[in-house]
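Reader: I've got a structure to look over before I set anything up. Can you walk me through it?

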Amino acid sequence: MAKIKLNKNIEIIEDLIEQLYKGDLRAIGRLMTLVENNIEIAEYVIKKIYQSTKNAFVIGITGFPGGGKSTLINAMLDILGRENKKVGVICIDPSSVFSGGSLLGDRIRMKRNFNNPNFFIRSMANRCQLGGLARATKDMIKILEAAGYDFIIIETVGVGQSEIEIFHCSNIVILVLVPNLGDEIQTLKAGIMEITDIFVINKMDLEGADRLFDELNSMIELNYSIQFKSKSNWRPSVLKINALKGENVEKLIDEILNYKKFIENSNELRNRLMIKYKKEVLDIMKYKLTKEIEQLIFHNEYIDKLINKIISKEVDSYTISEKIISELIHNR
Ligand SMILES: Nc1nc2c(ncn2[C@@H]2O[C@H](COP(=O)(O)OP(=O)(O)OP(=O)(O)O)[C@@H](O)[C@H]2O)c(=O)[nH]1
Ligand SMILES: [Mg+2]
């Protein structure tokens with residue numbers, strides 16, 4: 001995509017924001033593309049819309065490639081659609097290897113819900129957005145919140161660090177497993193298990209679902225006695241599901257709503273929001289400071305003089321770094 005400049009497109013962006021407030025799907029899509037590709041535009045848009053965003057309930061769904069996450073989301077949309085809920089879905093980096101084509105694959109799996117005006121479904125296949133994947137996802141959530149979505153579902157394959165980061169912006173984390181994973185379960189980032197609120201055993205029609213159900217329950221029981229002693233902690237549940245047939249998906253929605261009530265009635269929501277926004281501010285500061293520091297290091301004669309001292313073995317780079325930091329801080 002050709003680089004679009006913020007200052008030359010303010011009017012277009014303002015217009016898109018107006019349409020966004022009316023829930024126009026095309027405007028939402030165009031704004032998302034702009035925000036994904038241009039951090040200056042992202043900043044402009046988020047500053048403009050932030051006060052109009054209402055808190056949507058953000059559901060993070062993760063698990064192995066091909067575990068049936070998209071199929072499950074589609075089955076959830078069937079139910080939420082009947083209740084006239086507005087739902088936004090963002091599929092991050094869908095793997096093409098296991099399920100044959102990411103964007104197209106999700107479109108096919110979610111086909112029957114693609115044309116419902118209450119749903120906005122988008123895939124993000126690009127891992128190299130400015131400011132990182134988590135930044136782009138958080139901004140997209142805010143765009144959907146400004147458009148009045150009740151629920152936002154984020155689908156991602158839970159194997160990398162950025163996925164863990166993404167879950168800091170979810171209100172609930174659902175891990176989709178399938179029977180007979182064997183050692184694969186070990187390759188899941190350990191952190192994902194710890195932050196999971198609902199375990200889904202999808203493909204319950206396959207052999208081994210009952211065994212996995214028992215294993216997960218014992219694992220939770222073990223952790224429960226240590227970690228979840230206090231009443232303010234949620235005890236993760238385990239559900240067996242057949243996403244293809246929609247079996248037990250209603251139960252999953254009920255459990256999500258139970259959880260929603262649970263965190264709304266405890267301090268948990270506030271605690272999570274505190275952590276979430278601290279991380280968000282930290283990430284933005286890191287990004288901005290890094291840019292400023294890069295500018296300073298590579299375009300400053302005084303710094304060149306200091307670096308020369310490292311070259312001539314007069315002073316080591318730790319000491320020089322400390323000197324720059326303390327001078328930077330004292331100057332401000
Ligand atoms: N037998 C069985 N197959 C299922 C079930 N749910 C989904 N599948 C199949 O599993 C395959 C993968 O489904 P997807 O929904 O694309 O899985 P995914 O986890 O979204 O995959 P990626 O986005 O590529 O990581 C498809 O062929 C589905 O038809 C189920 O409950 N039982
Ligand atoms: Mg998928």
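Reader: What volume does the largest pocket have?

Author: Keep in mind that this is a predicted model. Taking the space filled by probe spheres set on the grid points as the volume, the largest pocket comes to about 640 Å³.

Reader: Which helix gives the most to the lining of that largest pocket?

Author: Three helices each supply at least two lining residues: helix 3 (39–49), helix 8 (133–146) and helix 14 (268–298). With 9 residues, the one that gives the most is helix 14.

Reader: And by class, how many charged residues are in the lining of the largest pocket?

Author: The lining has 25 residues, and among those nearest the pocket centre are Arg135, Asp139, Glu280 and Asp283. Asp, Glu, Lys and Arg count as charged. Next to 8 nonpolar and 3 polar residues, the charged ones number 14.

Reader: Which protein donors does the magnesium ion (ligand 2) have, and are they buried or exposed?

Author: The donor atoms are an OG and an OE, lying 2.0 to 2.2 Å from the ion. One residue lies in helix 4 (residues 69–82) and the other in strand 4 (residues 151–157), so the pair ties together parts 85 residues apart in sequence. Buried means under 20% relative accessible area. At 6%, Ser70 counts as buried, and, also with 6%, so does Glu155.

Reader: How many disulfides are there?

Author: Cys91 is buried at 0% relative accessible area, and Cys169 is buried at 4%. What counts for a disulfide, though, is a pair of cysteine sulfur atoms within 2.5 Å. By this rule, the count is 0.

Notes. Residues numbered from 1 in each chain as written. Chains lettered and ligands numbered in written order. Predicted model: local features only at pLDDT ≥ 70, side-chain atom pairs only at ≥ 80, totals over all residues. Heavy atoms only, no water. Donors = N, O, S within 2.8 Å, 3.2 Å for Na, K, Ca; no water. Helix = DSSP H or I, 4+ residues; strand = E, 2+ residues; numbered from the N terminus. Buried < 20%, exposed > 50% of the residue type's maximum accessible area, 1.4 Å probe, protein only. 1 Å grid on protein atoms, 1.4 Å probe; cavity = no way out; pocket = protein on both sides within 12 Å on 5 of 7 lines; lining within 4 Å.
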